[in-house]
Amino acid sequence: MINYRNIHKAFDQPVLEGIDLRVDAGEMFALFGPSGTGKSVLLKTTLSLIVPDRGDVEVDGISVYHGGPDALERVRRRVGYVFQNAALFDSLNVYENVAMGIPEEELARSAKLDVARRVWSAIEIVNLEPAEVMAKIPVELSGGMRKRVGIARAIVGRPKVLLWDEPTTGLDPVNTAAVERLITRLSEELEVTSLLVTHDVEGGLMMCDRVAMLDGGHLLFCGTPDEFRTSPDPRVRAFVDRAAAEAALDNGTNAA
Amino acid sequence: MKRSTRALPVPSFVVRWLSGFGRASAVTLDHAGALGILSAGIAKAIVQRRVRSKDVLRQMYIMGVQSLPIVFVTASLAGIVTSQQGGYQLSQTSPAYLLGTLVVQSVVLELGPLLTAIVLVGRIGARITAELGTMVVSEQIDAFEALGRDPVAILAAPRVIAGVITMPILVGFADVIGIGAGMVSANLSTGLGTEAFLYGARLFWHSWDLFYGFSKAVVFGLIIPLVSVHMGLRTKGGAAGVGLTTTQAVMFMILALLIIDAMFPPLLLQ
């Protein structure tokens, strides 16, 4: 479904050095790695939000970088992207923000009532009350609500693929658990392929069918959650142990 | 024959100067190239009719209607100061009605367009850069692209179109206010009557002057939103980056306005 082939990207320093990764149709896939290892960069190359120096990405058989002038447009119509801080448009209210997730040509030929129904339904799916939030602007929403509106905007266009960039970052444990349940439910109900970049290793291991780990610009591991937990690679072990310690610290802090 | 491998004794300040010049040239070319690409994108969006008139009207309201009070104050003061200083200098040597010539020529040719543009740099240019810069660092621009929308057609083109349309209107307003304030001030300070002031104004008046002033207004109206959008879209590095880019944008815009202003007389007043 998503195929990253030999992706290279450098800013001042090399960030990604020859990443090959395949996410199969219908799969839930998590990408782990220490901060600054290029997880979000890899995710952004899927929609050409960051252009790789070398390599190509294929989504649903369409080559993003060698597929001709319309390829990127077709890929973007198939993919919903949930941004780390939701990236809602400040000047638009919740209704307008979510409606932006519907492709332009569909918006142009749809009746206003149909658009309203789709937006209403997407807001309901993410467990928000449409009548209460639709007229609000992003600054009037809590962090958890903003994330949900960002998710509603990503799913309203009926994508085949959902890309999640740190969907639980900055949320308290209650909201983190709620968003994780939402991710699992949406991936099953909408039958989409999900690629998740996350720092929440335990959450990722519980939710996903397969996981991968990036480190030092390379793909260090790719396999099932059980294989990841029992990996003999010392760098994977160190990462898992550190993530477990941080999670314990977070839980202790929150409990206190 | 064996070639010498010894380096020429170049003083270190020359090396520093040359490397600084090289860096500055690279940055200038980078900006020029990016501005060219942005301009082409805006032109393409306009030709393909992908710019919503609602967005243009909204920007015209922000740039035009909301700027009227500050333009009114600036133009009035410019007219008054020109009139006062002109009256002081002309009173001993020239006929008083020449004060009308001085005020009208100064306001129409220079003060109206330039002061209005500088006001708009502060009020609109800084605002556009900060707004778009914040959108960049909060990934809203990425979100536009991920949703298949063109940020140039949605954000850049309406601002540039609004700038080109609004600026001449504001300059026309500033001209009228500036001349009116200068006339009242001349009357109060030197006792110059309205008829004498208008006689002086008409004496050396050319319709070309109005064209000259409005030409400046159109160019300034293009430059301010174009540079501010360009700088905003290049913002990097969070809140500090937004602050830094906004400051740089204001500096570039004022510098660009003054350079272009200096190019106008040899081009259009010969």
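Helix axes are lines fitted to C-alpha atoms over the stretch in contact, and angles run from 0 to 180 degrees between N-to-C directions. The exercises below concern a predicted model.

**Exercise 1. Helix packing in chain B**

Task: Find how helix α4 (residues 98–137) and helix α8 (residues 207–233) of chain B are oriented towards each other, and describe their contact.

Solution:
- Step 1. The axes of α4(B) and α8(B) lie 8 Å apart, and the packing angle is about 15°.
- Step 2. Angles under 35 degrees count as roughly parallel, so α4(B) is roughly parallel to α8(B).
- Step 3. The crossing in which α4(B) passes α8(B) is right-handed.
- Step 4. In the contact of α4(B) with α8(B), 20 residues are nonpolar, eight are polar and three are charged.

**Exercise 2. The contact between the chains**

Task: State how many residues of chain A and of chain B are in contact, and which helix of chain A gives the most to that side.

Solution:
- Step 1. On chain A there are 14 residues in contact with 10 residues of chain B.
- Step 2. With three residues, helix α2 (residues 71–78) of chain A gives the most to the side that touches chain B.
- Step 3. That side of chain A is made up of eight nonpolar, four charged and two polar residues.

**Exercise 3. A sheet in chain A**

Task: Give the strand order of the open four-stranded sheet in chain A and identify its edge strands.

Solution:
- Step 1. The order is β2-β1-β4-β5 in chain A, and the pairing is antiparallel.
- Step 2. β2 (14–23) and β5 (62–63) of chain A each have a single partner strand, so they stand at the edges and one side of each is left without a neighbour in the sheet.
- Step 3. Strand β1 (residues 2–10) of chain A runs antiparallel to β2(A) and is joined to it by seven bridges.
- Step 4. Opposite Glu17(A) in β2(A) stands His8(A).

**Exercise 4. Positive phi angles**

Task: For Asp60(A), give the value of phi and the place in the chain. Do the corresponding work for Glu166(A).

Solution:
- Step 1. Most residues other than glycine have a negative phi.
- Step 2. Asp60(A) is not a glycine, yet its phi is positive, about 55°. Asp60(A) sits in the loop between β4 (54–59) and β5 of chain A.
- Step 3. Asp60(A) has 15 other C-beta atoms within 10 Å, so it is partly exposed.
- Step 4. Glu166(A) has a positive phi near 45°. Its loop is the one between β7 (161–165) and α8 (173–189) of chain A.
- Step 5. Glu166(A) has 19 other C-beta atoms within 10 Å and is therefore partly exposed.

**Exercise 5. Burial and contacts of two helix residues**

Task: Classify Leu72(A) by its C-beta neighbours, do likewise for Arg153(A), and list their contacts beyond four places in sequence.

Solution:
- Step 1. A residue is buried if 20 or more other C-beta atoms lie within 10 Å of its own, and exposed if 12 or fewer do.
- Step 2. Leu72(A), in helix α2 of chain A, has 19 C-beta neighbours inside 10 Å and so counts as partly exposed.
- Step 3. Beyond four places in sequence, Leu72(A) is in contact with Ser48(A) and Val64(A).
- Step 4. Arg153(A), in helix α7 (residues 143–155) of chain A, has 31 C-beta neighbours inside 10 Å and so counts as buried.
- Step 5. Beyond four places in sequence, Arg153(A) is in contact with Asn97(A), Val98(A), Met100(A) and Gly101(A).

Key:
Residues are numbered from 1 along each chain as its sequence is written. Chains are lettered from A and ligands numbered from 1 in the order in which they are written. This is a predicted model: local features need pLDDT of at least 70, side-chain atom pairs count only at pLDDT 80 or more; totals for chains, interfaces and linings use all residues. Two residues are in contact if their C-beta atoms, placed from the backbone, lie within 7 Å. Helices (H or I, at least four residues) and strands (E, at least two) are DSSP runs, numbered from the N terminus. Ala, Val, Leu, Ile, Met, Phe, Trp, Tyr, Cys and Pro count as nonpolar, Asp, Glu, Lys and Arg as charged, and the others, Gly among them, as polar. Two strands pair if DSSP finds at least two bridges between them. Angles under 35 degrees count as roughly parallel, over 145 as roughly antiparallel, 65 to 115 as roughly perpendicular and the rest as oblique. A crossing is left-handed if the near helix is turned anticlockwise from the far one by less than a right angle, and right-handed if clockwise.
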